[in-house]
Amino acid sequence: MIRIAVFVSGSGTNLQSLIDSCKTGFIPGNIVLVISSNPGAYALRRAEKNGIETAVVVRKDFGDKENFSAAILEILKGKDINLICLAGFLQQLGGNIIREYERRIINIHPALLPDFGGRGMYGMRVHEAVIKSKAEYSGCTVHYVDEEYDHGPVIMQKRVAVEENDTPETLAEKVLKEEHKLYPEAVRKFALGQIGLSGGAAEKG
Ligand code: GRF
């Protein structure tokens with residue numbers, strides 16, 4: 001059973017899918033800690049409702065991302081965390097935490113990376129850009145986290161067709177639904193040792 005920490009900033013629907021998948025045993029692991037960069041995140045309530053320890057670390061309380069990440073490292077200390085899942089976590093992590101947890105930090109992004117990723121590409125902005133580009137497909141990507149935004153090796157992706165009448169909102173809804181399946185699958189594979197250090201790039205559907 002792996003020990004998982006989930007980092008959040010918002011509503012936490014992906015956190016919920018990971019919690020549910022641990023409960024059913026689909027993920028052979030336990031979420032032992034949820035860290036939020038936002039004290040008002042609904043994700044914190046989800047964690048509390050499930051008896052999961054929480055912590056809040058606010059970026060602006062720290063000078064730079066290394067100090068911010070050092071505070072997070074302090075919280076992780078002694079907790080024997082095997083995997084950190086970023087799930088709607090809106091802060092960039094410093095090199096210190098990325099080095100200490102090398103290839104043990106993963107993220108989910110609501111598009112098919114390397115397209116529609118990078119600084120400023122989050123939330124509805126991603127789906128607006130996809131619609132504007134007239135891309136035939138969007139989807140979601142689980143990838144390892146490195147020091148650049150949305151950049152580390154791809155672990156799994158799931159494609160979603162963009163229909164002519166899709167709006168950013170309808171596309172977001174379709175992609176999020178797939179995220180809730182893809183993230184638990186990727187975490188399960190990680191727990192079972194089925195993902196290489198350079199990613200997996202397994203295309204789902
Ligand atoms: C998801 O779309 C995820 O891909 C992105 O942030 C959003 C988080 O949503 N990184 P939620 O907080 O899990 O509901």
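From which domains does the shell around the ligand draw at least three residues each? I put this to the predicted model before anything else, and found that domain 1 (1–101) and domain 2 (108–205) each contribute at least three residues to that shell.

**Entry: the shell.** I listed the residues around the ligand and obtained Ser11, Gly12, Thr13, Asn14, Gly88, Ile108, His109, Pro110 and Glu179. Sorting the shell by residue class, I got two nonpolar residues, six polar ones and one charged one. I then looked up which secondary-structure elements take part, and noted that α1 (13–23) and β5 (105–109) each supply at least two of the shell residues. As for the site itself, I recorded that the ligand sits in the largest pocket.

**Entry: polar contacts.** I looked next at oxygen atoms of the ligand and at what lies beside them on the protein side. For Ser11, a polar side-chain atom lies 2.8 Å from a ligand oxygen, and for Thr13 a polar side-chain atom lies 2.5 Å from a ligand oxygen. With Pro110 the backbone is involved, since one of its N or O atoms is 3.5 Å from an oxygen atom of the ligand. I also noted the cover: of the 370 Å² of accessible area that the ligand has on its own, the protein covers 80%.

**Entry: backbone geometry.** Most peptide bonds are trans, and most residues other than glycine have a negative phi, so I checked for exceptions to both. I found a cis peptide bond between Leu113 and Pro114, with omega at about 10°, and I placed Pro114 in the loop that runs between β5 and α5 (124–133). I also found that Arg103, which is not a glycine, has a positive phi near 60°; Arg103 belongs to the loop between α4 (95–100) and β5.

Terms used: Residues are numbered from 1 along each chain as its sequence is written. This is a predicted model: local features need pLDDT of at least 70, side-chain atom pairs count only at pLDDT 80 or more; totals for chains, interfaces and linings use all residues. Side-chain values use heavy atoms; hydrogens and water are left out. A residue is near a molecule or strand if one of its heavy atoms lies within 4 Å of it. A polar contact is a pair of N or O atoms within 3.5 Å; within protein, one must be able to donate a hydrogen and the other to accept it, and residues adjacent in sequence count only if both atoms are side-chain atoms. Accessible areas come from the Shrake-Rupley method with a 1.4 Å probe; for residues, only the protein chains shown count as cover. On a 1 Å grid over the protein atoms alone, a cavity is a set of points where a 1.4 Å probe fits but cannot get out, and a pocket is an open set with protein on both sides within 12 Å along at least five of seven lines; lining residues have an atom within 4 Å of a point. A molecule sits in a cavity or pocket if more than half of its atoms lie within 2 Å of its grid points. Helices (H or I, at least four residues) and strands (E, at least two) are DSSP runs, numbered from the N terminus. Ala, Val, Leu, Ile, Met, Phe, Trp, Tyr, Cys and Pro count as nonpolar, Asp, Glu, Lys and Arg as charged, and the others, Gly among them, as polar. Domain bounds come from an automatic or database domain assignment.
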